[in-house]
Amino acid sequence: ANYSDISSNLLCHFFVKKVKQWLKTNELDSLDKCDIEQWIKIFQKILMRINRYYNTDDIRDFASTMILAVVEDSKAVFCQIGDGCIVINSNNNLQCVFWPQNGEYINTTNFVTDKNISQKIMFKILYNNITEISIFTDGLESIALNFSKKEPHVPFFTPFFNLLKNCPPGENKELSDALAEFLNSELICKKTDDDKTIVFGIKGA
C-alpha cells in the first residue's frame, strides 16, 4: 500500500495510547474483542480524515496489519489482524498465539482498513506465566515457523532468548545492531525479500 508506513506508525502510537488509558481505570482481562473492534473503527475514521492530505480517496492506500500483545505477570491479552506472528514461552512450551492469517487468495492477508473488521480480528486472553515473547512480521515466517507442524521453529528463537537472559533490563543496542546485521545478511535475504521486523522480550529483562 502506498502509505502503509504512515498508517502502521500511527496505528502503533494509537494503540499504545488506548491501552495505557484503559489500564489506568480497568483490569487488563476486562479488555475484550469488542473494545478492540471499536478502537479499530475509530482508527479507520482517522485514516479517512487524513487521506485527503495524501490526495487519495481509498483507505486501502493505508493498509496495515496489526499485532498487539499486552503482558502482565499472570495474564496477557493478544490481538492480531493479518500475517506475522506472536510466539510465547509459557511453562517451557514455545507456541504461536495465533497462526498467521491468509486472505482470500494465496500471498494475501487481512488489514485494519478492511470492511467487516469484526470477522478479521483474532483475540485471546491467556492466564499463563509468560516468560519469553517474540513478535515478527511476515518476512520472517518462512524462517521462524515450522509450517508443516504449525508451530515455532525452536532453534531460531532459543539463541536470542538465551542471549537476553544475560542482559540488563531495557533495550540492548549491541544485540539489536547484531540482530539487524543478521537479518540483512545474504543468507537471510536469499530466503525472504519481505519486511523483517522482529521484537524479542523476556520476563524480568
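In the predicted model, Lys75 is placed in the loop that runs between β1 (66–71) and β2 (76–81). Despite this loop position, Lys75 counts as buried, because its relative accessibility is 13% and the limit for burial is under 20%. Beyond its neighbours within four places in sequence, Lys75 is in contact with Glu27, Leu28, Asp29, Val70, Leu126, Tyr127 and Asn128.

The two strands that flank Lys75 are joined as a hairpin through four residues. β1 and β2 pair in the antiparallel sense, and six bridges are found between them. Within this pairing, Met66 has Ile81 of β2 as its bridge partner. β2 also pairs with strand β5 (residues 122–126), again in the antiparallel sense, over five bridges. Here Val77 stands opposite Ile125 of β5. β2 therefore has antiparallel pairing with β1 and with β5.

The burial of β2 was examined residue by residue. Six of its six residues are buried, so β2 is largely enclosed by the rest of the structure. In a regular strand the side chains alternate between the two faces of the sheet. In β2, both faces are covered: Ala76, Phe78 and Gln80 are buried on one side, and Val77, Cys79 and Ile81 are buried on the other.

Strand β4 (residues 93–96) presents another pattern. Leu94 and Cys96 point to one face and are buried, whereas Asn93 and Gln95 point to the other face and are not buried. The pairing partner of β4 considered here is strand β3 (residues 85–90), with four bridges in the antiparallel sense. Ser90 stands opposite Asn93 of β4. β3 and β4 form a hairpin with two residues between them, and Asn91 in that turn has a positive phi of about 55 degrees.

Most residues other than glycine have a negative phi, and most peptide bonds are trans. Besides Asn91, whose positive phi belongs to the hairpin turn, Asn55 has a positive phi of about 55 degrees although it is not a glycine. Asn55 lies in the loop between α2 (33–50) and β1, and it is exposed, with a relative accessible area of 74%. Lys150, likewise not a glycine, has a positive phi of about 55 degrees. Its place is the loop between β7 (145–146) and β8, where Lys150 counts as exposed at 55% relative accessibility.

Lys150 is also one of the residues touched by Trp99. Trp99 is located in the loop between β4 and β5. Apart from residues up to four places away in sequence, Trp99 touches Met122, Leu145, Asn146, Phe147, Lys150 and Glu151. Trp99 and Val87 are twelve residues apart in sequence, and their C-alpha atoms are separated by 9.7 Å in space.

Leu145 and Asn146 are also among the residues touched by His153. His153 is found in the loop between β8 (151–152) and α4 (154–165). With a relative accessible area of 35%, His153 is partly exposed. When residues up to four places away in sequence are not counted, His153 touches Ile143, Ala144, Leu145 and Asn146. His153 and Ser142 are eleven residues apart in sequence and 9.5 Å apart in space, C-alpha to C-alpha.

These local features belong to a chain whose secondary structure comes to six helices and nine strands. For 205 residues, a compact globule would have a radius of gyration near 17 Å, and the value of 17 Å for the protein chain agrees with this expectation. The C-alpha trace spans about 50 × 45 × 35 Å along its principal axes. Of the 205 residues, 41% count as buried. Among contacts between residues at least 6 apart in sequence, 68% join residues at least 24 apart. The protein chain exposes about 12,100 Å², of which carbon and sulfur atoms supply 49%. The chain has 22 positive and 26 negative charges, and the mean positions of the two sets are 5 Å apart.

Definitions and conventions: Residues are numbered from 1 along each chain as its sequence is written. This is a predicted model: local features need pLDDT of at least 70, side-chain atom pairs count only at pLDDT 80 or more; totals for chains, interfaces and linings use all residues. Side-chain values use heavy atoms; hydrogens and water are left out. Buried means under 20% relative accessible area, exposed over 50%, partly exposed in between (1.4 Å probe, protein chains only). Contact means heavy atoms within 4.5 Å. The radius of gyration is taken over C-alpha atoms; the globule rule is 2.2 Å times the number of residues to the power 0.38. Accessible areas come from the Shrake-Rupley method with a 1.4 Å probe; for residues, only the protein chains shown count as cover. Lys and Arg count as positive and Asp and Glu as negative; His and the chain ends are not counted. The place of a charge is taken as NZ of Lys, CZ of Arg, CG of Asp or CD of Glu. Two strands pair if DSSP finds at least two bridges between them.
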